[in-house]
Amino acid sequence: SIRATLVPSTAIPISLIGTVAGIWLMGFSINILTLLAIVLATGLVVDDAIIVLENIQRRRSQGLGARAAAVLGTRQVFFAVVATTSVLIAVFVPIAFLPSTAGRLFREFGLVLATAVAISSFIALSLVPTMTARLSKPAPAGGSSIGIFNSLARFGHGLTRRYQHSLTLALSHPLLTVLICIGLASGAGLLYQLLDQELLPPEDRGVIYVNATGPDGVGLNYMERQTERMEAILKPLVEKGEITSLSTQIGNWDPNRSRVIAPLADWDERERSQQAIMDELREPMSEIPGATVRVSGPSSLNIRGGVDQIQVALIGNDYPTIYTAAKNLVLAIEEELPTLSNPDISYRPTQAQLSVEIDRRRAADLGIPLDSIALTLRAVVDGYDVVDLNVEDQAIPIMLESASNRVNDPSDLVNLYVSARDGRLLPLSSVVTLRENSVAAELDRHAQRRAIEVEASLAPGYPLALAVEDLRTLAAEILPTEVSLIFLGEAETLDETSREVAITYGIALLVVFLVLCAQFESMISALIVMFIVPFGLAAAVFALFLTGTSVNIYSQIGLVMLIGLMAKNGILLVEFADQMRDRGMSVYDSIVSAANVRLRPIAMTTLSTVLGGLPLILSSGPGAEARSSIGWIIFGGLGLAALFTLYLTPSVYLLLGRFHKPRAAEGQKLQEEMLAANLVKESDVV
């Protein structure tokens, strides 16, 4: 019915408007994450409306009036809508409370989705029955007068008959069906080991960073010459229009460092991705003599180090021991891990340092105060801030500086004169000795211990998780016992996020199980629904493998979402089968009836959710790689998981349903006990 299709279509904008209002109430902004949640909510908010509308239309086809069908049809699926909404909220909320960097990033995403689902369920149970009673009409006896609707109806009836036949075969051997599904899930577990695992997929953020580090002690002129060579490599890309401009920073943090920032042309104005351009630049940049040059790009999490790099820190008790271990590790990386290139050690004990050593005993014998020596050196080298002069409420510093030429040579320092206590001017060389040595420019600390950082570039297509495992294995063989290795940057966040997402899986499964137990008032029914969830995750693994998508933070969030979506479809079947059992039907007849009746709403809600994830796959531009990771989980994973719902759920229900009594049996038993209680005289009660 064309009028009937207006009902769920009306529910979409109302739910989304309510979701935007919820974003405002929670103090969030319209950003990439809230927009991503709204896109996914577009496919979810219509599900409850479809369930209610389909059941009302089914009751109308049985001959009920519009208002009676709206009341009875909504009442029949009320429990299912409330249960599915509670399960989805129970899944989305844990996403919002992940404590890591990724958790803080997805807090708005999870809460916005939970808000959208809650609003959609309220609309489905209130507005949808009202509009259906006013707008819908019963289907004509001869079918629709529009040819395309007749064709679609015949196609749907044909699929229904095929499903009924195949379901009969599956239920004739339910244990075999379960074993086949377990075999498929086991295969998915093996495929999961073959998937690339990384924190973030390679993202085209539209900008490239080229960082150069020269030897310690070189000046700005040296780094300017090296930077000009970097710019010469980048200028052909500027002329081609792939790079819009070049922004150069010489002396970035230190005089021996420089950076070139190269913003790329708009995504629609270039044919190559940021990753392809970076791969082309790496080889010529690495050939620049006299400097270590790295090509990188930013990530959406804004984690230090950028993409395609791995950073670690060696920690120990003293820097010389750690430095020796770091050199051995770098040498082993170059020899045994060809997928890691340009390993670099942050600790370089080559920074020139001039030490002024004071002979305190001789200075005391000559009557030269140490303060006079320090004041003389400070005034000559850098100037001495004597006092601030206030003039018209403005502070003007009075500096004491040398009137002679600036210090150009270390020997100029020892040729100075310093005042003794008796007023004599004595040469500074009589009490000080200059000593030149080399030290490290930086002394890092991590985990409250002395540390030296090591950084390397990942080869194209080399997943970060595999690099972490390879580097951890190599470090266990190379490093001494007093030196240990910790990961930094994206590698550290990957380890942290993997643990927390695994905890989130467990919490989501536990919360969903408890919610189902409370709503079904039966542990067996809850177990039947929960039994299907891992197979939905297995279907998602197949989707990731077939599409070549990695396991990253975005796809992991999609897997958490899939827990709720799988449980939602299972609830529709199990809840209706329990209703049929309350009417006295057998376990077999109940699940067959539920599968046949709920086939259409399950297919329609699955299709709407799958199509809701399609824009994420087809999108382009900034951040498209991240969005497609969630899109393939929803589009491919949920699409394949529908097969498990339609065949595995009835088989499991047939095997386990006999172990729990219908809910009506408990009510009947209560009535019998109440009747027996009424027969007992009050005087007989002790």
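## A walk through the chain, from surface to salt bridges

Let's start on the outside: the chain exposes about 33400 Å², and carbon and sulfur atoms supply 58% of that area. Keep in mind as you look around that this is a predicted model. The chain has 686 residues, and 48% of them are buried. Its secondary structure comes to 20 helices and 15 strands. If you take the contacts between residues at least 6 apart in sequence, 77% of them join residues at least 24 apart.

Now for some landmarks on the surface. One is a nonpolar patch made by Leu 375, Val 386, Val 387, Leu 389, Val 391, Ile 396, Ile 398 and Leu 400, which together have about 600 Å² of accessible area. Two elements give two or more residues to this patch, namely β8 (384–391) and β9 (394–400). Strand β8 provides the largest share, with four residues. Leu 375 sits in helix α12, which covers residues 370–381. With a relative accessible area of 32%, Leu 375 is partly exposed, and it can belong to the patch because the cut-off for patch residues is over 30%.

There's a charged patch to find as well. Glu 334, Glu 335, Glu 336 and Glu 477 form a negative patch on the surface. Helix α10, residues 319–336, gives the most to it, with three residues. Glu 477 belongs to helix α14, which spans residues 464–478. At 56% relative accessibility, Glu 477 is exposed.

Stay with helix α14 for a moment, and you'll meet a pair of opposite charges. Glu 469 and Arg 472 make a salt bridge, with their closest N and O atoms 3.1 Å apart. Both residues lie in helix α14, three residues apart, which is about one turn of the helix. Glu 469 is partly exposed, at 42% relative accessible area, and Arg 472 is partly exposed too, at 32%.

How many salt bridges does a search of the whole structure find? The count is ten. Side chains of opposite charge can pair when their charged atoms come close. Where along the chain do Lys 568 and Asp 48 lie? Lys 568 is in helix α17 (residues 553–582) and Asp 48 is in helix α2 (residues 32–61), so this pair links distant parts of the chain, 520 residues apart. Their side chains meet in a salt bridge at 3.9 Å, N to O. Are these two residues buried or exposed? Lys 568 is buried, because its relative accessible area is 3% and buried means under 20%. Asp 48 is buried as well, at 2%.

Compare that with the pair Arg 424 and Asp 422, whose salt bridge has its closest N and O atoms 2.7 Å apart. Here Arg 424 is partly exposed, with a relative accessible area of 41%, and Asp 422 is exposed at 51%. Elsewhere, salt bridges link up into a network that takes in Lys 240, Glu 242, Arg 272 and Glu 280.

One last stop is Ser 429, found in the loop between β11 (425–427) and β12 (432–439). Ser 429 is partly exposed, with a relative accessible area of 39%. Its C-alpha atom is 8.4 Å from that of Tyr 417, a residue twelve positions away along the chain.

Conventions: Residues are numbered from 1 along each chain as its sequence is written. This is a predicted model: local features need pLDDT of at least 70, side-chain atom pairs count only at pLDDT 80 or more; totals for chains, interfaces and linings use all residues. Side-chain values use heavy atoms; hydrogens and water are left out. Buried means under 20% relative accessible area, exposed over 50%, partly exposed in between (1.4 Å probe, protein chains only). Contact means heavy atoms within 4.5 Å. Accessible areas come from the Shrake-Rupley method with a 1.4 Å probe; for residues, only the protein chains shown count as cover. Patches are made of residues with over 30% relative accessible area and no salt bridge: like charges are joined within 9 Å, nonpolar side chains (Val, Leu, Ile, Met, Phe, Trp, Tyr) within 5 Å. A salt bridge is a side-chain nitrogen of Lys or Arg within 4 Å of a carboxyl oxygen of Asp or Glu. Lys and Arg count as positive and Asp and Glu as negative; His and the chain ends are not counted. The place of a charge is taken as NZ of Lys, CZ of Arg, CG of Asp or CD of Glu.
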